[in-house]
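The following paragraphs lead from single residues to the chain as a whole. Please keep the sequence and the coordinates at hand while reading.

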Amino acid sequence: MAEAHQAVAFQFTVTPDGIDLQLSREVLKHIYLSGVTSWKKRAIRFKNGVLTGVYPASPSSWLIVVIAIMSTMYARIDPSRGMIDRIKTSLPVSEFMTVQTQMVLSAILFATGLWLSFIFLLRYILKALLSYHSWIFESHGKMSFSTKIWLSLVKLLSGRRPLLYSFQASLPRLPVPSIDDTIRRYLESVRPLLDDEQYKQMETVANDFKKDPAPKFQKHLKLKSWWATNYVSDWWEEYIYLRGRDPIMVNSNFYTMDLLYVIPTHRQAARAGNVVHAMLQYRRKLERGELTPFPIMPSVLSCQLRRMFNTTRIPGIETDFVQHLKDRKHLVVYHRGRFFKVWLYYGGRHLWPSELELQFQRILDDKSEPQPGELKLPSLTAGNRVPWARARLKYFTEGINQASLEAIETAAFFLTLDDEAHGYDPENIRSLDLYAKSLLHGKCYDRWFDKSFTLIVYKNGKIGVNTEHSWADSPIIGHMWEYVLATDCFQLGYTAEGHCKGDINKSLASPTKLQWDIPKACQEIIESSYMIAKGIANDVDFHGCLFNEFGKGLIKKCRTSPDAFIQLGLQLAHYRDKGEFCLTYESSMTRMFREGRTETVRSCTCESTAFVRAMEDESTTNEQRLALFKKAADKHQNMYRLAMTGAGIDRHLFCLYIVSKVMGIDSPFLKQVLSEPWRLSTSQTPQQQLNLIDIQKFPKYVGAGGGFGPVADDGYGVSYIIVGENLITFHISSKFSSPETDSFRFGQNIRQAMLDIRALFNLKEKM
């Protein structure tokens with residue numbers, strides 16, 4: 001036990017003269033260093049708080065203003081127009097303050113007020129500048145004169161080195177679209193999916209809603225947009241994620257893969273050591289605000305990043321809540337059914353990679369057996385939420401169970417040392433499929449699905465992440481993951497034998513094995529949750545499709561957006577797969593607004609369906625198909641831009657629905673809109689957010705992206721990542737229980753659809 005090892009540092013002997021207390025010099029040193037580290041963190045946070053609080057000005061600018069005001073006074077010029085004298089007369093009379101002192105103090109107070117006013121003015125100007133979105137609608141590679149002026153002003157006001165949270169007070173709020181625009185765009189989006197009679201009925205229902213009660217709902221929504229930071233985000237997190245009572249495994253959580261072609265080391269403990277150390281470095285940068293935000297789209301790199309570490313989703317009977325803590329100094333490791341607590345600090349510093357490798361190797365070498373009920377305990381987080389919430393209240397609120405669960409829920413993150421080997425194998429066509437399924441659900445009892453993320457390290461050195469969705473969206477974990485992979489491979493590295501670099505400190509206390517006392521009744525609940533989760537996992541049909549016939553390089557030659565190209569390919573593939581069109585979801589970020597999260601792009605349009613029908617009509621010429629393709633691509637790109645700039649459809653309709661429920665007014669229109677299934681749900685994984693890996697120089701060091709489970713029982717989930725110039729990776733999910741879907745078949749249809757679209761442009765060479 002680690003506690004037992006530490007206890008020997010404090011020894012005392014009872015004598016007739018009293019208690020002779022003996023303290024270990026080594027322990028006192030560690031206590032001193034830990035205290036110094038803690039105070040350093042507080043000082044850095046205070047400093048960053050001041051820098052962020054006065055942004056876009058700087059603390060030194062206050063001194064400049066004070067000196068300027070004092071200089072004018074000595075020159076017998078009053079820039080305050082009498083305000084300094086009025087402040088002087090308002091100061092309390094004191095025998096310790098001379099007339100000269102009162103005058104200086106009054107000038108300082110006036111200068112401070114002037115400085116604060118200047119800060120608010122700069123913030124208002126910066127917010128107005130960040131509300132300018134015309135640049136996003138301009139053609140790629142072309143920039144208007146007004147946009148050039150705007151960009152120069154943004155750079156000027158942003159300062160030289162903005163911190164991570166510097167932009168928060170200057171970001172504009174997400175605007176509430178007008179009812180007319182939302183209804184018009186909604187009707188336009190469903191037109192290709194309805195026949196004439198169905199469309200007329202929907203049009204009637206929508207117009208009735210627009211007359212009444214939509215104006216009532218809109219007024220309340222406008223009021224919320226003025227009062228709240230973001231009129232969507234809190235409701236989205238609560239009602240879409242936290243109030244859901246179904247299992248979050250597969251249905252909500254998503255995964256991210258390792259580098260596609262490279263495994264830096266095949267030693268499991270060594271890979272875990274480097275990756276965990278890289279994550280701790282990232283967390284330190286995050287806590288200090290040292291990560292640089294994008295000046296144009298900074299929201300996503302600050303608001304959601306706050307909860308990446310030390311965060312857990314806590315189950316409740318009616319709703320869950322997200323618990324976020326600070327300064328967590330341990331993580332919990334799961335291996336072969338046992339839980340271990342590993343301290344991440346030693347002597348006031350992070351453990352070095354070699355020290356972490358030693359700790360993880362000790363866990364791998366531990367031959368102890370799981371305690372009763374311990375093996376499948378994590379399956380509680382994989383099953384339905386209500387049984388887990390009740391079991392937590394009944395069996396985990398006192399004694400060793402409470403202490404052990406608290407260790408998990410307060411950990412920096414959760415680590416699974418998996419006893420399987422996974423990864424991409426070119427000789428095994430299903431290797432990527434098995435890898436994806438393992439990351440998404442594993443054995444249903446070897447990931448803690450409630451943690452903000454679970455790091456999985458396989459026995460062959462491959463890694464991956466399973467992420468809980470309520471606290472953030474995929475670009476956030478992707479931001480951290482890119483930093484970790486680059487640090488692991490290009491900064492930390494490994495020895496020739498595959499071990500972590502650095503000396504080994506064998507005096508470290510061994511990891512602490514968590515203790516449990518799980519009664520039979522609780523074990524039955526655990527088994528029930530496991531069976532539910534296993535049923536869900538067994539029904540997931542995954543296929544990883546590596547499309548390397550061409551990539552972004554060739555698509556650029558087509559003078560179209562790569563995302564629009566792929567989305568039209570998905571529409572064509574889906575039509576060939578099912579013989580019909582469906583409501584299609586593509587996720588877009590609203591990161592240009594404060595606390596922005598996502599918006600929906602409805603990719604199935606009248607223009608895209610016209611293009612698909614033309615592709616399937618042999619009488620249509622290639623010139624006609626190409627013209628329809630360009631029209632559909634332009635339409636898609638415009639919708640994507642509208643979604644990014646706050647003019648989307650679905651988040652507005654969602655919030656109107658919430659208002660209707662709160663007011664107790666039923667709306668047939670909103671009820672129908674919110675019940676429509678997304679049979680094709682898509683998302684693009686961002687690549688190279690930090691540009692830390694030069695994939696032109698190191699083409700093998702490319703990420704494989706990630707994916708999610710199917711949204712509809714009879715639909716597909718498709719996540720894709722555009723990797724460099726010559727590769728696009730598709731992660732396709734569906735359900736075996738649906739006779740209408742087959743992930744492998746859909747992958748083949750996507751491949752052929754992409755090739756058929758390329759043929760329209762007569763571009764056959766690989767970029």
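Is S734 buried or exposed? S734 has a relative accessible area of 0% and is therefore buried; buried denotes under 20% relative accessible area, exposed over 50%, and partly exposed the range in between, computed with a 1.4 Å probe and protein chains only. The model is a predicted one, in which local features need pLDDT of at least 70 and side-chain atom pairs count only at pLDDT 80 or more, while totals for chains, interfaces and linings use all residues. Residues are numbered from 1 along each chain as its sequence is written, and side-chain values use heavy atoms, with hydrogens and water left out.

S734 belongs to strand β20, which spans residues 727-735. Helices (H or I, at least four residues) and strands (E, at least two) are DSSP runs, numbered from the N terminus. Beyond its neighbours within four places in sequence, S734 is in contact with several residues, among them D539, V540, D541, P710 and Y716; contact means heavy atoms within 4.5 Å. The list also includes T741, D742 and S743. With S743 there is in addition a polar contact between the two side chains, at 2.7 Å. A polar contact is a pair of N or O atoms within 3.5 Å; within protein, one must be able to donate a hydrogen and the other to accept it, and residues adjacent in sequence count only if both atoms are side-chain atoms.

A second buried position is T311, in strand β4 (residues 311-314). Its relative accessible area is 1%, which means that T311 counts as buried. Which residue, 13 residues away along the chain, has its C-alpha atom 4.4 Å from that of T311? The residue is H324, and the side chains of T311 and H324 are joined by a polar contact of 2.8 Å. Apart from neighbours within four places in sequence, T311 touches V322, Q323, H324, A411, K451 and S452. N310 is found in the loop between α11 (268-288) and β4. The phi angle of N310 is near 60°, a positive value in a residue other than glycine, and N310 is buried, with a relative accessible area of 4%.

C444 also has a positive phi, near 75°, and is likewise a residue other than glycine. C444 is placed in the loop between α15 (431-440) and β11 (453-457) and is buried, with a relative accessible area of 3%. Two cis peptide bonds may be inspected next. One joins Y55 and P56, with omega of about 10°; P56 is in the loop between α2 (25-53) and α3 (59-74). Another joins D212 and P213, with omega of about 15°, and P213 is in the loop between α8 (196-211) and α9 (214-227).

The UniProt record, an unreviewed entry, annotates H469 as "active site"; UniProt positions are given in the numbering used here, feature names are shortened, and annotations may be inferred rather than shown by experiment. H469 is located in the loop between β12 (463-467) and α16 (474-492). Its relative accessibility is 16%, so H469 counts as buried. Outside its neighbours within four places in sequence, H469 is in contact with Y241, S252, N253, F254 and R597. The side chains of H469 and Y241 form a polar contact of 3.5 Å.

From the same kind of record, an unreviewed UniProt entry, comes the annotation "transmembrane region" for residues 60-77 and 104-126. In the model, residues 60-77 are 83% helix and 0% strand, with end C-alpha atoms 23 Å apart. Residues 104-126 are 100% helix and 0% strand, and their end C-alpha atoms lie 33 Å apart.

Finally, the whole chain may be considered. The chain contains 24 helices and 20 strands, and 55% of its 767 residues count as buried. Contacts between residues 24 or more positions apart make up 78% of those with a separation of 6 or more. The radius of gyration is 29 Å, which agrees with the value near 27 Å for a compact globule of 767 residues; this radius is taken over C-alpha atoms, and the globule rule is 2.2 Å times the number of residues to the power 0.38. As for confidence, the mean pLDDT is 90, and 92% of residues reach 70 or more, pLDDT being the predictor's confidence in each residue, from 0 to 100. Over residues 1-10, pLDDT stays under 50.
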